[in-house]
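Please find below a short note on backbone geometry, prepared for a colleague's review. The sequence and structure come first.

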Amino acid sequence: MDTTTPMSASSLLFARADEAPERLRFLAPEVVTMGTLAHRVRAVASWLIGRGVKPGDHVAIWADNRLEWAITAWAIQATGAAFVTIHAPSSRGQADFIIADASAVLTVSDTAHDADAELVLDGPSFQEALATEHAELPSVGADDRACLIYTSGTTGDPKGVVLTHRNLWVNGEDWLEVVAPLLPEEAVEVHWLPMSHIFGWGALCIGNVYGLQTALCGFYEIADTVAEVDPHFICGVPLLWNNLPPQLLSDRFALGLSGAAPLPTATKERYAVAGRTLLEGYGLTETSPTLTLERPGQTRRDNVGIPYPSVEIRIAADGEVLAKGDSVFSGYWRREEQPFDDDGWFQTGDLGRLNDGALELIGRKKELIVLTGGKKVAPTPIEAMFPLEFGRLVLVGDNRKNVGAIVFSAAGTDPGAEIDRINEMVARYERIRAFEVVPELPSVENGLLTPSLKLKRHVVADRYRSVIDALCSGRTS
């Protein structure tokens, strides 16, 4: 098979299945070979074509993680269309906005979200699709749209990130060069990441190319699944690594990858002491997703690694991280404002610096707290100093006189001593003048986290406005 020309994920899947149809691809929720997987994808693609889906169309998916989600996404791509993501926790209004914004011609869902969708993954229509006689599938070009991954909307309405098959191919090639040598062939992985997120989707596609044997599970099933399948490999976000004891992973565990949010250095060190390799990467949906990744043996743990082979990174005059490369998208769907400078560099919105080729992140450009005196505070590195066992520290104070903090905690302990310790390590204007403890942790359910587990600072600012006013004027509520 010629692997030098960029291909769609579905074309790669079919090619791998032709080479080794009996190779195991999924271990749970059922055992599925590459041949069986390819057969199901072709059948569903044929059903979609029979419903009028054609190259260039958009098909929306709104459902919880399940094997049928992945099968359908690959099937959509096999028709020459692009799939459109709607994160499972989205409201009906949010889903309708995305469907309309993307001009989706058909919606795929499950009974928990939209039992009246044209294709219901846990309903009779999907069984009908699986039984469809295979039709001839169209050719798919490298620069055709592969998917519209809608951003989580931390600062407003979600935007559709247009990723082409070339974008995803190039990022996958980088993964095979950098990560694959760290894993044994036919490695077993535990996969729980949302398929509607580029991190989760990319991991699924890599599994087809590299030949991973994947056990799908939910977040709260991870520990049991780890005990059952004894994985070599797990991708996750800091929420997982902060709460998964490395001792649960056996000696055959080869690699953990962390992304989507900053990973505390203390968590990295905890895994290193336990003899388990945990590497942090950095990227965005707009970059397919990975830009940089730590390498084994790095002596410094305060960075997110060095750029992938196809990626260029530079730091703008104001400290913003800029990126270029074939894995970087070309723009948002139907948006006039695009995040590129005059020279075509993608403006990530993150602040950072390069140390001996490795990227250190120091905060979000849009999350800078600008005090009324003109001083600017990057909250992320200060918040990372706060011990996880005390909860989550969120700095506040934008357009106010002083910095304050809200401590989201269910621990019932006084964080005052820890805040005093942090204040000794920061500049005078960065010191936390007052704090308030809120007896809960941020979550998707309470609206403080996005589906990809990023903090919605604008929601915190709005929901706790009176508390913040009191904290940052020097008074406590």
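The numbered points below concern cis peptide bonds and positive phi values.

1. Status of the model. The structure under review is a predicted model, and the values that follow should be read as computed from that predicted model.

2. The bond from A28 to P29. This peptide bond is cis, and its omega is near 10 degrees. P29 belongs to the loop that links β1 (24–28) with β2 (32–33).

3. The bond from S288 to P289. Here too the peptide bond is cis, with omega near 0 degrees. The loop that holds P289 runs between β13 (278–283) and β14 (290–293).

4. Backbone at S103. What is the sign of phi at S103, a residue other than glycine? Phi is positive there, near 55 degrees. S103 sits in the loop between α4 (92–101) and β5 (106–109). The relative accessible area of S103 is 36%, and the residue is therefore classed as partly exposed, since exposed requires over 50% and buried requires under 20%.

5. Backbone at N399. N399, likewise a residue other than glycine, has a positive phi near 60 degrees. Its place is in the loop between β22 (392–396) and β23 (403–408). Is N399 buried or exposed? N399 is exposed, because its relative accessible area is 60% and the cut-off for exposed is over 50%.

6. Points to locate in the display. The cis bonds to inspect include A28 to P29 and S288 to P289. The positive phi values to inspect include those of S103 and N399.

Terms used:
Residues are numbered from 1 along each chain as its sequence is written. This is a predicted model: local features need pLDDT of at least 70, side-chain atom pairs count only at pLDDT 80 or more; totals for chains, interfaces and linings use all residues. Side-chain values use heavy atoms; hydrogens and water are left out. Helices (H or I, at least four residues) and strands (E, at least two) are DSSP runs, numbered from the N terminus. Buried means under 20% relative accessible area, exposed over 50%, partly exposed in between (1.4 Å probe, protein chains only).
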